[in-house]
Amino acid sequence: MKKLLISLAVIAGVLAGCNNANSSKTDDSTSHNEGTTVEVKVAIQTPEKVKVGKDIELAAHVTQGGENVDDADEVKFEVWESGNRDNGQMLEGKLDKDGIYKATTKFDHDGVYYMYAHTTARGLHTMPKQKIVAGNPDMSKVKEDNDDGSMNMDMDDSSSEDH
């Protein structure tokens with residue numbers, strides 16, 4: 001009986017020690033970032049009006065605290081034609097220089113296109129959006145895209161679809 005109680009006490013102590021070790025790691029990382037996180041900013045440098053059939057340079061300047069970010073985890077350009085986001089494309093941005101990431105695409109017909117510059121750097125994510133007009137589209141046929149990139153969490157809509 002004595003051995004059983006000692007064994008339980010040792011197991012409880014080991015589990016408590018592991019729990020404290022994990023929480024102290026979490027506390028350290030939280031306190032390191034707490035109050036000192038400086039926003040990562042992304043300035044899209046792609047023209048808002050482009051020619052059809054020509055290579056288009058998608059470009060984004062990534063900074064943090066006024067300094068260029070040359071070590072972003074990811075910069076991806078999501079591009080789609082208005083009203084047709086499901087058929088868009090995702091292009092990997094490559095560091096060119098001085099915090100500027102680039103990718104190239106081409107629009108094969110007149111239209112209104114949209115682009116998100118999905119950027120993850122230094123533990124932060126931002127995704128600015130830009131409208132790009134290629135050629136001379138018939139604006140009466142263009143579907144405006146008002147999606148701001150936020151996820152819709154309206155539970156009432158999804159539950160009503162189930163009924």
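These legends describe close-up views of a predicted model.

**View 1. The whole chain, from α to α.** The chain folds into 2 helices and 11 strands. The order from the N terminus is α-β-β-β-β-β-β-β-β-β-β-β-α. Of the 163 residues in the chain, 29% are buried. Many contacts link distant parts of the sequence: among those between residues at least 6 apart, 62% join residues at least 24 apart. About 11100 Å² of the chain is exposed. Carbon and sulfur atoms supply 50% of that area.

**View 2. Confidence along the chain.** The average pLDDT of the chain is 80. A score of at least 70 is reached by 68% of the residues. Residues 18–35 fall below 50. This stretch has 0 contacts in the model beyond near neighbours in sequence. Residues 151–163 also stay under 50. Here the model has 1 contact beyond four places in sequence.

**View 3. H109 in the loop between β8 and β9.** H109 sits in the loop that links β8 (100–106) to β9 (111–121). Is H109 buried, exposed or partly exposed? H109 counts as partly exposed because its relative accessibility is 35%, and the partly exposed class lies between the 20% and 50% limits. Two acidic side chains are polar partners of the H109 side chain. The side chain of E81 makes a polar contact with it at 2.9 Å. The side chain of D108 does so at 2.6 Å. Leaving out residues up to four places away in sequence, H109 touches V52, E81 and A134. V52 is 57 residues from H109 along the chain, yet their C-alpha atoms are separated by 5.7 Å.

**View 4. The largest pocket.** The largest pocket holds about 180 Å³ of space. Which residues line the largest pocket? The lining consists of V79, W80, E81, N84, N87, G88, Q89, K106, F107, D108, H109 and Y113. Strand β5 (residues 74–81) gives the largest share of this lining, with 3 residues. H109 and both of its side-chain partners from View 3 belong to the lining: E81 and D108.

**View 5. H118 in strand β9.** H118 lies in strand β9. H118 is buried, because its relative accessible area is 13%, below the 20% limit for buried residues. Which side chain makes a polar contact of 2.7 Å with that of H118? The partner is E78. Beyond residues up to four places away in sequence, H118 touches E74, V75, K76, E78, M90, H125, T126 and M127. E78 is thus listed both as a polar partner and among the contacts.

**View 6. Q130 in strand β11.** Q130 has its place in strand β11 (residues 129–134). Its relative accessible area is 9%, so Q130 is buried. The side chain of Q130 reaches a backbone atom, the oxygen of P47, at 3.4 Å. Leaving aside neighbours within four places in sequence, Q130 contacts I44, T46, P47 and E48 on one stretch of numbering, and Y113, Y114 and M115 on another.

**View 7. T104 in strand β8.** T104 is placed in strand β8. T104 touches D55, I56 and L91, not counting residues up to four places away in sequence. A59 is 45 residues from T104 in sequence. In space, the two C-alpha atoms are 8.6 Å apart.

**View 8. Positive phi at D98 and R122.** D98 is not a glycine, yet its phi is positive, at about 50 degrees. D98 is in the loop between β7 (94–97) and β8. With a relative accessible area of 46%, D98 is partly exposed. R122 is likewise a residue other than glycine, and its phi is positive, near 55 degrees. R122 is found in the loop between β9 and β10 (124–126). R122 counts as partly exposed at 40% relative accessibility.

Definitions and conventions:
Residues are numbered from 1 along each chain as its sequence is written. Side-chain values use heavy atoms; hydrogens and water are left out. Helices (H or I, at least four residues) and strands (E, at least two) are DSSP runs, numbered from the N terminus. Buried means under 20% relative accessible area, exposed over 50%, partly exposed in between (1.4 Å probe, protein chains only). Contact means heavy atoms within 4.5 Å. Accessible areas come from the Shrake-Rupley method with a 1.4 Å probe; for residues, only the protein chains shown count as cover. A polar contact is a pair of N or O atoms within 3.5 Å; within protein, one must be able to donate a hydrogen and the other to accept it, and residues adjacent in sequence count only if both atoms are side-chain atoms. pLDDT is the predictor's confidence in each residue, from 0 to 100. On a 1 Å grid over the protein atoms alone, a cavity is a set of points where a 1.4 Å probe fits but cannot get out, and a pocket is an open set with protein on both sides within 12 Å along at least five of seven lines; lining residues have an atom within 4 Å of a point. Grid points are joined across faces, edges and corners, and a volume is the space filled by probe spheres set on the points.
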